[in-house]
Amino acid sequence: MSEPSLTQDELVRLFSVLSHDLKSPIFAVDGFSDLLLSDYKDKLDEEGQDFLRRIRAGAQAMKRVLDDMSHIVKTLSRPDIKHPTPLREIVEEVIQKYNFMIEEGGVIVDVPQDLPVVDVDPEKLKDALGALVSNALFFSDRQDGPRRIAIDSTNFNGGVRICVRDNGIGIDPQYAHQIFELGGMSKLDKQRGGGPGYGLYLAKQIIESHGGEITVDSKLGEGSTFCMTLPA
């Protein structure tokens, strides 16, 4: 006799309950460690304060992971709601979302004047494009010269190809197949603090649910080009 399996709705509810139950102790650790740092700072030496700061940073990182995973589960469990949407609207909202990182890093963002109307789920495509832009910003380090990101769109086999190019540090091609796996980017770049380990996985799932594909072309030291191809 086969084991009973959970439906998609049941899995979403299960994750929601687990996420809620985990957040309560995480908030407690974060809150009490903050109180210790503020109210008992004079009673702790520098090493003790450093330990508390690390505890608090760990708790906040756990909360971010839960928030990211909750967003992934809710997004991928929701059916696509497609309708014709100006790509420029999506691009502008994504740039606005990451405007602080763009300005702080002095990154030049190039976007063409003419962008097509695409038949997509706009909220999901915002997530997918946002993941590519966030990744480009995170890996846009350069020893000299301006940091630059370009977003463009071209016709491709009757459909639309949307590409995000950067002139950053690039990715070793032998690891390119890993970056769309869950947590793939964080595995490749632990020394930088992990990076956007879930975004590219989410982008791949979203584009494939639209019947398209996502690819990357990159070389170390020469930047990366991520492209999302949407069918006609």
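**Salt bridges and helices in a predicted model**

R88 is partly exposed, with a relative accessible area of 25%. In this predicted model, the side chain of R88 forms a salt bridge with E92, and the closest N and O atoms of the two residues are 3.5 Å apart. Both residues belong to helix α3, where they are four residues apart and therefore separated by about one helical turn. E92, like R88, falls in the partly exposed class, with a relative accessible area of 45%. Side chains of opposite charge can pair when their charged atoms come close.

Helix α3 also takes part in a salt bridge that reaches another helix. K126 pairs with E93, the closest N and O atoms being 2.7 Å apart; because K126 lies in helix α5 (residues 122-138) and E93 in helix α3, this pair ties together parts that are 33 residues apart in sequence. The two partners differ in their accessibility class, since K126 counts as buried at 18% relative accessibility, under the 20% limit used for that class, whereas E93, at 43%, counts as partly exposed.

A further salt bridge involves two strands. D110 and R148 form this pair, with their closest N and O atoms 2.9 Å apart, and the link is between distant parts of the chain, D110 being in strand β2 (residues 107-110) and R148 in strand β4 (residues 147-156), 38 residues apart. D110 is partly exposed, with a relative accessible area of 30%, and R148, at 33% relative accessibility, likewise counts as partly exposed. A network of salt bridges links K23, K63 and D67. The count of salt bridges in the model comes to 14.

The protein as a whole has seven helices and seven strands, and from the N terminus on these elements follow the order α-α-β-α-α-β-β-α-β-β-α-α-β-β. Of its 232 residues, 36% count as buried, and the accessible surface comes to about 13,600 Å², of which 54% belongs to carbon and sulfur atoms. Among contacts between residues at least 6 apart in sequence, 70% join residues at least 24 apart.

Two N-terminal helices were examined further. Helix α2 (residues 46-77) consists of 32 residues and reaches 47 Å from its first C-alpha to its last, which is close to the 46 Å expected at 1.5 Å a residue. The buried residues of helix α2 are G48, Q49, L52, A59, L66, M69, S70, I72 and T75. Helix α1 spans residues 8-39 and includes L18, which joins L11 and L14 in a nonpolar patch on the surface, the three residues together having about 260 Å² of accessible area. L18 itself counts as partly exposed, at 45% relative accessibility.

Two loop positions complete the local description. N157, in the loop between β4 and β5, has a positive phi of about 50° although it is not a glycine, and this residue counts as exposed because its relative accessibility is 73%, over the 50% limit for that class. E181 is found in the loop between β5 (159-166) and α6, and at 35% relative accessibility this residue counts as partly exposed. The C-alpha atoms of E181 and G199 are 9.8 Å apart in space, while the two residues are 18 apart in sequence.

Confidence in the model was considered both overall and by element. The mean pLDDT of the protein is 86, and 90% of its residues reach 70 or more. Confidence is highest in helix α3 (residues 87-97), at a mean of 96, and lowest in helix α6 (residues 184-188), at a mean of 58. Over residues 190-194 the pLDDT is below 50, and this stretch has seven contacts in the model beyond near neighbours in sequence. The R88 and E92 pair described at the outset thus lies in helix α3, the element in which confidence is highest.

Notes
Residues numbered from 1 in each chain as written. Predicted model: local features only at pLDDT ≥ 70, side-chain atom pairs only at ≥ 80, totals over all residues. Heavy atoms only, no water. pLDDT = per-residue confidence, 0-100. Contact = heavy atoms within 4.5 Å. Buried < 20%, exposed > 50% of the residue type's maximum accessible area, 1.4 Å probe, protein only. Areas by Shrake-Rupley, 256 points an atom, 1.4 Å probe, with all protein chains shown as cover. Expected span 1.5 Å × (residues − 1). Patch = residues over 30% accessible without salt bridge, like charges linked within 9 Å, V, L, I, M, F, W, Y side chains within 5 Å. Salt bridge = Lys/Arg side-chain N within 4 Å of Asp/Glu carboxyl O.
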